[in-house]
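Biologist: I would like to learn how to read burial, contacts and helix packing in a model. Could we go through them one by one?

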Amino acid sequence: MGTPDGVTTSRDFPIPDRMKAWVLDGPGEVRLTHKPVPVPQRAEVLLRIDAVAICPSDIDNIWYGWPAIVDGEKPFHKEWTPGHEYMGTVVALGPAVDEFAIGDRVAVEIHAGCGQCRRCRAGLYTSCLNYGNRAKGHRANGFTTDGGFCEYQVNHVNTMAKLSDDISDELGTLVVTAGTAMYALTEIGGLIAGESLVVIGEGPIGLFVAAVGKALGASPVVVTGLSPQRLAIARGLGADHVIDVRDRDAVAAVKEIVGPHGADYVVECSGAPVAIGQAVAMASRGGRVCLAAFPAEATQVDVGRLVRDNIALFGIRGEGKRAVHRACALLRDKKFDPGPLHTHTFALDDLPAALRTAKDKLDGAIKVVVKARGVAARQAAAE
């Protein structure tokens with residue numbers, strides 16, 4: 001790649017003019033193509049993408065469109081590249097960037113707000129009032145702009161957190177999920193040590209909420225779910241109690257553990273319509289409920305109980321207020337180990353197989369990671 005004016009590069013990290021990139025055609029249809037390597041602008045760097053984790057939101061984006069919005073529409077047939085849970089190595093600096101150095105390994109946040117609306121100026125850039133408006137400077141990589149299922153991507157300096165060398169590429173991709181859990185627990189929910197925490201759903205975000213909540217001092221931490229395997233992992237991550245809701249009433253079981261008044265904080269991570277009502281029923285008077293999943297259909301909520309019992313109801317999206325940086329600190333200091341959540345690794349060329357593995361939860365898949373280098377594609381491995 002030729003060096004544009006004001007962009008700093010290094011011979012240690014040669015950058016091609018074009019790169020491999022997967023794009024979304026119709027629902028569930030991804031296609032490998034080549035795109036120009038993007039050029040970092042003011043306050044941006046170019047990352048060599050080293051690893052990308054597949055999130056349930058990626059599955060929603062690729063098969064159903066929502067919650068991705070590209071140019072105000074569903075993302076189909078727009079040559080758009082999905083993928084948002086990535087980490088990488090800084091290989092070029094935009095004009096006047098000195099916050100990072102070439103060679104730094106970083107985890108990324110999804111959202112770079114416009115920086116000028118009142119939400120962004122309050123640190124609520126995941127609720128940017130110019131969401132999806134690239135002309136205003138908003139980016140949500142893998143949702144409104146190109147994401148990480150490719151070899152290179154640009155990121156705003158505000159969206160990156162340095163990774164220590166003892167954090168592997170695979171675990172580095174999980175930091176953004178840990179950051180979402182941190183945001184739900186601390187900035188939104190105001191969790192303090194000693195409060196009871198109930199997590200509904202044993203998917204990746206639910207497991208991270210349990211692990212981060214325990215690291216922050218929540219007690220007891222209770223996880224409800226349907227999978228004995230994943231509930232066992234929740235215990236390994238620090239959950240004090242797990243409830244298999246296939247054979248127990250979730251609300252009654254929670255109150256047996258935390259007491260008849262209910263829990264201080266309930267985080268709903270399943271997206272199941274019935275679970276939202278359960279979350280409200282599990283919360284104590286003066287408690288809080290956080291909705292961290294996208295329900296697929298309309299739900300019923302006992303609003304009267306929210307009012308009568310002074311229960312706060314929050315919705316979150318993503319990982320605002322630099323939560324990823326705090327999650328990096330917890331991971332660096334080994335306050336929790338997300339290693340058991342990483343179950344599979346695929347080469348970038350094998351993205352369709354990786355997506356199927358994640359979507360259908362094949363072979364116990366929880367977090368499936370795709371790597372642009374260092375992992376042989378299946379066909380090459382077979383030869």
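**Reading contacts, burial and packing**

Modeller: Setting aside neighbours within four places in sequence, Pro 67 is in contact (heavy atoms within 4.5 Å) with Ser 57, Asp 60, Asn 61, Phe 143, Phe 294 and Arg 317. This is a predicted model, in which local features need pLDDT of at least 70, side-chain atom pairs count only at pLDDT 80 or more, and totals for chains, interfaces and linings use all residues. Residues are numbered from 1 along each chain as its sequence is written, and side-chain values use heavy atoms, with hydrogens and water left out.

Biologist: Is Pro 67 buried or exposed?

Modeller: Buried means under 20% relative accessible area, exposed over 50%, and partly exposed in between, with a 1.4 Å probe and protein chains only. Pro 67, at 1% relative accessibility, is therefore buried, and Pro 67 lies in the loop between α1 (56-64) and β4 (85-93).

Biologist: How does one describe two packed helices, and at what angle do α4 and α5 cross?

Modeller: Two packed helices are described by the angle between their axes and the distance between the axes. Here the axes of α4 (residues 175-188) and α5 (residues 204-215) come within 8 Å and cross at roughly 60°. The two helices are therefore oblique to each other, since angles under 35 degrees count as roughly parallel, over 145 as roughly antiparallel, 65 to 115 as roughly perpendicular and the rest as oblique.

Biologist: Which residues of α4 and α5 make the contact?

Modeller: Among them are Thr 177, Ala 181 and Leu 185 of α4, and Ile 205, Phe 208 and Val 212 of α5.

Note on methods: Axes are lines fitted to C-alpha atoms, for helices over the stretch in contact, and angles run from 0 to 180 degrees between N-to-C directions. Helices (H or I, at least four residues) and strands (E, at least two) are DSSP runs, numbered from the N terminus.
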